Amino acid sequence: MRNIYAVLFNLAPSAFFSIRQPHSFQSAISYPLPPPSTLKGLLANAMQQYMKVNPIKALNEVESKILMCSARSDDPIALSFCTLRLRVFDKGEWKRDALPRQFAFGHKVTCAAVSSDKDYLEVLSRALSNSILYIGDSESLVTVSGVEIVLTNQIQARTGEIVEINSYCPYDLFKRIKGEATIYWVFEETRTQRIQRQYIFPLKMSGKILYPTQITGELKEESTILQAMDMRMLSNISF
């Protein structure tokens, strides 16, 4: 079994963020956490800025080096109603210049990017700490903190085993879920595989507030739990 590492980092929004779900072009409904494809785009953006390389090259490297991404929130996340943004044009007249968007308000998002290439993660960690980054739309600036590379503990989980996970993961790995959580369709890849997959997020909805929770469920197939400090991730990738 080869060593698998994770770079852990926190994202703190400057005020809010908006990551449009692909099916909601007109209303721009936001994800409450950055899905895998958004995190890979953020990593590529960091590498492009830090290494001064072509953005497509940076993205291709992320896709080849990063085996999986995951995220969680330890704090409640509030979702706005769809907001119509206005600005002043000529003669002081207010006009609409954008489609409606939903925004998410949260304190901190904890993220992980997993790879077997520790040297690549070393460069990536420096890039994350030295780049101006955003998630979703161009107004969703974030501050990156707590960047750390850790060796993961790989735990093999059997079919039918009850597992507890505190970061989002593929929903189809479970036969049944116990308790509350929220399911979203997401993209895992940015360019090579534009197929959506259902992911279960460790968040439970009450009104317009999503509260952090833990995913407890019975596995449908053999999977691997990756423990990186206090973050528990689940995947069916053969590491």
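**Exercise 1. Place I149 in the predicted model.**
Task: Which strand holds I149, and is I149 buried or partly exposed?

Solution.
- Step 1. This is a predicted model. In it, I149 sits in strand 9, which runs over residues 141-151.
- Step 2. The relative accessible area of I149 is 22%. Buried means under 20%, and exposed means over 50%. I149 is therefore partly exposed.
- Step 3. Now look for its partners. Setting aside residues within four places in sequence, I149 is in contact with Y5, A6, V7, K118, L121, E122 and S125.
- Step 4. Compare sequence and space. I149 and A113 are 36 residues apart in sequence. Their C-alpha atoms are 9.5 Å apart.

**Exercise 2. Follow the contact to A6.**
Task: Find the strand of A6, its exposure class and its contacts.

Solution.
- Step 1. A6 belongs to strand 1, residues 5-13.
- Step 2. Its relative accessibility is 0%, so A6 counts as buried.
- Step 3. List the neighbours, leaving out residues up to four places away in sequence. A6 touches A113, V114, L121, E148, I149, V150, T152, A228 and M233.
- Step 4. Check one pair by distance. A6 and K118 are 112 residues apart in sequence, yet 8.5 Å apart in space, C-alpha to C-alpha.

**Exercise 3. Examine C69.**
Task: Where does C69 lie, and what does C69 touch?

Solution.
- Step 1. C69 is part of strand 2, residues 68-72.
- Step 2. At 5% relative accessibility, C69 counts as buried.
- Step 3. Residues up to four places away in sequence are not counted. C69 then touches P36, L39, K40, L43, A112, A113 and Y168.
- Step 4. Take I19 as a further pair. C69 and I19 are 50 residues apart in sequence and 16 Å apart in space, C-alpha to C-alpha.

**Exercise 4. Move to helix 1 and its end.**
Task: Is S37 buried or exposed, and is K52 buried or exposed?

Solution.
- Step 1. S37 is in helix 1. Helix 1 covers residues 36-51.
- Step 2. The relative accessible area of S37 is 15%, so S37 is buried.
- Step 3. Beyond four places in sequence, S37 touches F187, E188, E189 and T190.
- Step 4. K52 lies in the loop between helix 1 and helix 2. Its relative accessibility is 70%, so K52 counts as exposed.
- Step 5. Read the backbone angle too. Phi of K52 is near 55°, a positive value in a residue other than glycine.

**Exercise 5. Find the buried side of helix 2.**
Task: Which residues of helix 2 are buried, and what do they pack against?

Solution.
- Step 1. Helix 2 spans residues 55-65, and A58, L59, V62 and E63 are its buried residues.
- Step 2. Around the axis they cover an arc of only 135°, so they lie on the same side of helix 2.
- Step 3. The buried residues of helix 2 pack against helix 1 and helix 3 (118-129).

**Exercise 6. Inspect two loops.**
Task: Between which strands do A181 and M229 lie?

Solution.
- Step 1. A181 is in the loop between strand 13 (174-178) and strand 14 (182-187).
- Step 2. At 29% relative accessibility, A181 counts as partly exposed.
- Step 3. Apart from neighbours within four places in sequence, A181 is in contact with I200, F201 and L203.
- Step 4. A181 and C169 are twelve residues apart in sequence and 11 Å apart in space, C-alpha to C-alpha.
- Step 5. M229 lies in the loop between strand 19 (223-228) and strand 20 (231-235). Phi of M229 is near 55°, which is positive, and M229 is not a glycine.

**Exercise 7. Step back to the whole protein.**
Task: How many helices and strands are there, and what radius of gyration does the protein have?

Solution.
- Step 1. The protein has three helices and 20 strands.
- Step 2. A compact globule of 239 residues would have a radius of gyration near 18 Å; the protein has 18 Å, so the two agree.
- Step 3. The C-alpha trace spans about 65 × 45 × 30 Å along its principal axes.
- Step 4. Of the 239 residues, 47% count as buried.
- Step 5. Consider contacts with a separation of 6 or more. Residues 24 or more positions apart account for 75% of them.
- Step 6. Turn to the surface. About 11600 Å² is exposed, and carbon and sulfur atoms supply 50% of it.
- Step 7. Finish with charge. The mean positions of the 27 positive and 23 negative charges are 4 Å apart.

Key: Residues are numbered from 1 along each chain as its sequence is written. This is a predicted model: local features need pLDDT of at least 70, side-chain atom pairs count only at pLDDT 80 or more; totals for chains, interfaces and linings use all residues. Side-chain values use heavy atoms; hydrogens and water are left out. Helices (H or I, at least four residues) and strands (E, at least two) are DSSP runs, numbered from the N terminus. The radius of gyration is taken over C-alpha atoms; the globule rule is 2.2 Å times the number of residues to the power 0.38. Buried means under 20% relative accessible area, exposed over 50%, partly exposed in between (1.4 Å probe, protein chains only). Contact means heavy atoms within 4.5 Å. Accessible areas come from the Shrake-Rupley method with a 1.4 Å probe; for residues, only the protein chains shown count as cover. Lys and Arg count as positive and Asp and Glu as negative; His and the chain ends are not counted. The place of a charge is taken as NZ of Lys, CZ of Arg, CG of Asp or CD of Glu. The arc is that of the directions from the helix axis to the C-beta atoms.
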